[in-house]
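Student: I am new to this structure and would like to go through it with you. Could we begin with the way some of its helices pack?

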Amino acid sequence: MKKYRFASYSLIIISLLLVSLQQINAQGAKSVSEKSYVQARRVLDAGIEALGGREAIGKIEDLSLKFSGINYARNQSLSPDTAYFRGTVEGAMTLDTKGNRVIFEQASTLPGFRFHNRQIIKGEKGLVFDMEAKTANTFTNPNAIANIGRSRFPHVMLMTASERAATLRFLGQEDFDGKKQNVIIFSTSDGTQWTLYFDAATNLLTKFENLDTDSRVGDVAQEFIIPGYMSVGGVKIPTGRIIKRGGEVIQDFKVSDVQINTRPAESAFERAQGFEDLPANNPTPTPIVVELAKDVYLVQDAANGYNVMFVAMNDYILVAEAPINEGTSRRAMAKIKETVPNKPIKYIVATHFHDDHSGGIRTYMAEGVTLVTTPGNKGYFEAVAKGVRTIAPDALALKPRPPVIEIVQNMKRVFTDDQHTVELYDIGAGPHTKEMLIVYLPKEKLVFQGDLLNLPQAGTTIITPGNETTVHFADRLKALGLNVEKIAAVHGRTGTMDDLRVAIEKFKALK
Ligand SMILES: [Zn+2]
């Protein structure tokens with residue numbers, strides 16, 4: 001009896017073992033991708049349910065809200081060693097999902113600048129209205145509406161992930177803000193991979209992030225954190241948004257006045273009267289070389305809205321400004337080589353350290369070109385040279401070498417040979433930066449500057465209002481006694497002293 005019972009128990013145990021082995025084998029037959037997808041799908045579906053479910057989300061035809069908060073100007077402060085400038089931001093937006101259109105209005109500040117824009121986007125065509133300058137500018141961007149929706153509304157992000165199911169994978173569990181999270185990943189049609197964090201207890205999306213390259217430090221994660229939720233029309237909407245880049249807060253917004261299905265009037269999407277049209281922005285940069293004077297050239301639109309100046313000296317070339325990134329520097333260098341084939345680039349001058357103006361500096365460093373900058377920027381550019389770039393390796397990452405940096409002593413540096421004179425002046429502390437170089441060519445009565453006078457792009461004679469920075473620039477030109485006729489610029493067309501005067505008059509009239 002006892003023996004028999006033992007035998008039957010062993011049989012049961014053996015058969016149980018077989019069943020579980022069969023299950024393991026059945027699972028083993030599935031690929032890692034399939035298993036990971038199934039897990040991710042479960043997390044995503046629970047996340048959609050937690051937001052209100054597919055049915056409630058499907059009923060949203062339009063959504064409007066107001067937002068306000070702080071922008072922290074990363075790599076855009078008064079100097080590299082001062083805290084990021086805290087700029088206030090206020091705005092409102094309407095996302096008309098049904099009509100595939102958006103109205104987005106925002107007023108913000110940066111050192112020495114005020115911005116107030118209104119955008120109306122229909123499909124891939126957009127119009128930007130500068131509410132202060134009273135100008136209108138068209139643009140084309142097939143991803144504009146998707147980007148605005150995804151980065152502000154979790155339901156848009158999660159429904160996009162659902163449509164891109166083949167790219168869904170489970171990454172694992174991770175703690176965030178002291179809470180366990182289920183983490184999945186998917187990629188949008190533009191190739192961006194988004195990591196989504198869901199609170200394991202509530203299934204709500206708490207954070208999403210992607211990888212990017214920062215001008216200063218190189219490889220970074222950009223995190224979009226949802227601080228909380230409110231319920232509107234059966235759907236959960238974020239109470240705000242915090243953006244971190246490289247672990248540092250660059251934006252902290254609160255959301256208010258959320259409304260769903262108000263069916264905004266058709267007239268809201270029509271353009272208002274009283275705006276002058278600027279030439280349309282080209283979606284892809286098409287640089288052209290403009291001769292400003294003998295041996296002095298401008299690479300116009302090395303990147304959209306960014307010009308680079310260069311001077312062909314007897315034995316070498318001096319370049320002023322390295323905007324945006326390596327792509328911009330490559331386009332500028334190609335145009336320089338095409339225009340002046342037989343001279344090496346020896347110097348690259350950075351007007352100021354701001355990353356949109358100096359993001360392409362590493363390409364010059366990689367070629368051993370001497371960077372000429374002001375004393376306060378030395379540490380910043382040394383850090384830029386040390387930045388870790390494995391996500392998007394550039395020339396310097398592929399062939400590292402120490403940067404050659406020359407500091408402008410006593411606010412002035414002169415480059416000269418028997419036919420050319422180029423003078424650099426540090427115009428000193430202004431509303432935009434503590435140190436700012438301008439490039440002055442006395443014989444040509446020409447000055448090249450960045451951010452000090454921003455006229456609209458070439459192809460129009462409209463003069464837009466200046467700002468506090470423009471006033472400071474005019475004062476400094478006068479104090480330095482420079483004899484200037486032409487003012488070339490990083491942003492916008494080359495102007496005159498009359499344009500500068502009118503821009504300041506228009507600015508004063510706004511106050
Ligand atoms: Zn700047």
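Student: What is the handedness of the crossing of α11 and α12?

Tutor: In this predicted model, α11 and α12 cross in a left-handed manner.

Student: Which residues make that contact?

Tutor: From α11 the contact takes E468, T470, V471, F473, A474 and L477, and from α12 it takes M497, L500, I504 and F507. Sorted by class, the contact of α11 with α12 has eight nonpolar residues, one polar and one charged.

Student: At what angle do they pack, and how far apart are the axes?

Tutor: Helix α11, residues 468-480, packs against helix α12, residues 497-510, at about 135 degrees, and the axes are 9 Å apart. That angle makes α11 oblique to α12.

Student: Let us change topic. Which protein atoms are donors of the zinc ion?

Tutor: The protein donors are NE2 of H352, ND1 of H354, NE2 of H432 and OD of D451, and they lie 2.0 to 2.3 Å from the zinc ion.

Student: How are these donors spaced along the chain?

Tutor: Their spacing follows H-x1-H-x77-H-x18-D. H352 is in the loop between β21 (345-349) and α7 (355-358), while D451 is in the loop between β27 (446-449) and α11, so this pair ties together parts that are 99 residues apart in sequence.

Student: And what is the geometry of the zinc site?

Tutor: The site is irregular, with angles of 85 to 175 degrees among the four donor atoms. Four donors would count as tetrahedral if all angles lay between 85 and 135 degrees.

Student: Back to helices. How do α4 and α5 pack?

Tutor: Helix α4, residues 144-152, and α5 pack at about 110 degrees, with axes 5 Å apart. The two helices are therefore roughly perpendicular to each other. The crossing of α4 past α5 is left-handed.

Student: Which residues are in contact there?

Tutor: α4 contributes G149, R150 and R152, and α5 contributes P154, V156, M157 and T160. By class, the contact of α4 with α5 has three nonpolar, two polar and two charged residues.

Student: What about α2 and α5?

Tutor: Helix α2 (residues 32-50) packs with helix α5 (residues 154-163) at an angle of about 145 degrees, and their axes are 10 Å apart. α2 passes α5 in a left-handed crossing. R41, L44, G47 and I48 of α2 meet L158, M159, A161 and S162 of α5. The residues of this contact divide into five nonpolar, two polar and one charged.

How values were computed:
Residues are numbered from 1 along each chain as its sequence is written. This is a predicted model: local features need pLDDT of at least 70, side-chain atom pairs count only at pLDDT 80 or more; totals for chains, interfaces and linings use all residues. Side-chain values use heavy atoms; hydrogens and water are left out. Axes are lines fitted to C-alpha atoms, for helices over the stretch in contact, and angles run from 0 to 180 degrees between N-to-C directions. Helices (H or I, at least four residues) and strands (E, at least two) are DSSP runs, numbered from the N terminus. Angles under 35 degrees count as roughly parallel, over 145 as roughly antiparallel, 65 to 115 as roughly perpendicular and the rest as oblique. A crossing is left-handed if the near helix is turned anticlockwise from the far one by less than a right angle, and right-handed if clockwise. Contact means heavy atoms within 4.5 Å. Ala, Val, Leu, Ile, Met, Phe, Trp, Tyr, Cys and Pro count as nonpolar, Asp, Glu, Lys and Arg as charged, and the others, Gly among them, as polar. Donors are N, O and S atoms within 2.8 Å of the metal (3.2 Å for Na, K and Ca); water is not among the atoms, so sites may look incomplete. Four donors count as tetrahedral if all angles lie between 85 and 135 degrees; four count as square planar and six as octahedral if opposite donors are over 155 degrees apart and all others between 65 and 115; anything else is irregular.
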